[in-house]
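Trainee: Could we go through this structure together, with me asking how each label is earned? I would like to see the reasoning behind the terms.

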Amino acid sequence: MESACIFCKIAAGEASAALVYQDEQVTAFRDIHPVAPTHILIVPRRHIVSVNQASAEDEAVLGRLFLAAGKIAAQEGIALGGYRLIVNTNAHAGQTVFHLHMHLIGGQPLRYPMG
Ligand code: AMP
């Protein structure tokens, strides 16, 4: 755990968030600045800075992010309508929190590409 990392704190239960899903590897909570009716962040509980720092030992947790996304989409009632999964990496993608996270965005038709 990185003590200065807000997503580590949320995953450890040391900072508040609107949790929607948790298992032994990942935590998911609502984004504080939602860009669509459903906007959830799914994060590894263990600190990984970004995809650039992910290694072979992270393979299982990276897969778990996708499986959690599918479960949460069903839970939120947006699986059939559809949704988008986004993982921003570094400046050109606009990454602002340096703890790897997957955005789950849906609940309305989405424009593509964005930005
Ligand atoms: P990114 O630009 O991909 O790094 O996305 C970071 C996201 O984290 C943004 O959409 C923020 O609104 C969101 N965010 C930052 N701090 C929190 C927090 N404490 N709780 C929930 N969402 C947060």
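Mentor: Gladly! Let's start with helix α2, where Val61, Arg64, Leu65, Ala68, Ala69, Ile72 and Ala73 are buried. Keep in mind that this is a predicted model.

Trainee: What covers the buried residues of α2?

Mentor: The cover includes the strands β1 (19–22), β2, β3 (38–44), β4 (83–86) and β5 (102–106).

Trainee: How do you know that the span of α2 is close to the expected one?

Mentor: Helix α2 runs over residues 59–76, which makes 18 residues. The expected span is 1.5 Å times one less than the number of residues. For α2 that comes to 26 Å, and the helix reaches 26 Å from its first C-alpha to its last. Just after α2, glycine 77 takes a positive phi of about 75 degrees.

Trainee: Which residue has a positive phi although it is not a glycine?

Mentor: That is asparagine 90, with a phi of about 65 degrees. Asparagine 90 lies in helix α3.

Trainee: Why is asparagine 90 called partly exposed?

Mentor: Its relative accessible area is 35%. Buried means under 20% and exposed means over 50%, with partly exposed in between. The value for asparagine 90 falls in between, so partly exposed is the right label.

Trainee: Let's move to the ligand. How many residues surround the ligand, and which are the closest?

Mentor: There are 16 residues around the ligand, and the closest are Asp31, Asn88, Thr96, His101 and His103.

Trainee: What makes the approach of aspartate 31 to the ligand a polar contact?

Mentor: The test is a pair of N or O atoms within 3.5 Å. A polar side-chain atom of aspartate 31 lies 2.5 Å from an oxygen atom of the ligand, so the pair passes. Threonine 96 has a polar backbone atom 2.7 Å from a ligand oxygen. For histidine 103, an N or O atom in the side chain is 2.8 Å from an oxygen atom of the ligand. As for cover, the ligand has 510 Å² of accessible area on its own, and the protein covers 83% of it.

Trainee: Which elements give two or more residues to the shell around the ligand?

Mentor: They are α1 (6–11) and β2 (26–30). Helix α1 gives the most, with three residues. By class, the shell has seven nonpolar, seven polar and two charged residues.

Trainee: Now the loop between α3 (90–93) and β5, where glutamine 95 is found. Why is glutamine 95 called buried?

Mentor: Its relative accessibility is 7%. Buried means under 20%, so glutamine 95 qualifies.

Trainee: Which backbone oxygens does the side chain of glutamine 95 reach?

Mentor: One is the backbone oxygen of valine 49, at 3.2 Å. Another is the backbone oxygen of valine 97, at 3.0 Å. Beyond four places in sequence, glutamine 95 touches Val49, Ser50, Asn88, Thr89, Asn90 and His101.

Trainee: Histidine 99 lies in the loop between α3 and β5 too. Is histidine 99 buried or exposed?

Mentor: The relative accessible area of histidine 99 is 0%, and the cut-off is under 20%, so the residue is buried. A polar atom of the histidine 99 side chain lies 2.8 Å from the backbone oxygen of proline 44. Leaving aside neighbours within four places in sequence, the contacts of histidine 99 include Cys5, Phe7, Cys8, Val43 and Pro44.

Trainee: And proline 37, in the loop between β2 and β3: why is proline 37 called exposed?

Mentor: Exposed means over 50%, and proline 37 has a relative accessible area of 58%, so the label holds. Not counting residues up to four places away in sequence, proline 37 touches Gly106, Gly107 and Gln108. The C-alpha atoms of proline 37 and isoleucine 105 are separated by 7.9 Å, with their positions 68 residues apart along the chain.

Trainee: What makes proline 109, in the segment after β5, count as exposed?

Mentor: Its relative accessibility is 81%, and the cut-off is over 50%, so proline 109 counts as exposed. Glycine 13, in the loop between α1 and β1, also counts as exposed, at 61%.

Note on methods:
Residues are numbered from 1 along each chain as its sequence is written. This is a predicted model: local features need pLDDT of at least 70, side-chain atom pairs count only at pLDDT 80 or more; totals for chains, interfaces and linings use all residues. Side-chain values use heavy atoms; hydrogens and water are left out. A residue is near a molecule or strand if one of its heavy atoms lies within 4 Å of it. A polar contact is a pair of N or O atoms within 3.5 Å; within protein, one must be able to donate a hydrogen and the other to accept it, and residues adjacent in sequence count only if both atoms are side-chain atoms. Accessible areas come from the Shrake-Rupley method with a 1.4 Å probe; for residues, only the protein chains shown count as cover. Helices (H or I, at least four residues) and strands (E, at least two) are DSSP runs, numbered from the N terminus. Ala, Val, Leu, Ile, Met, Phe, Trp, Tyr, Cys and Pro count as nonpolar, Asp, Glu, Lys and Arg as charged, and the others, Gly among them, as polar. Buried means under 20% relative accessible area, exposed over 50%, partly exposed in between (1.4 Å probe, protein chains only). Contact means heavy atoms within 4.5 Å.
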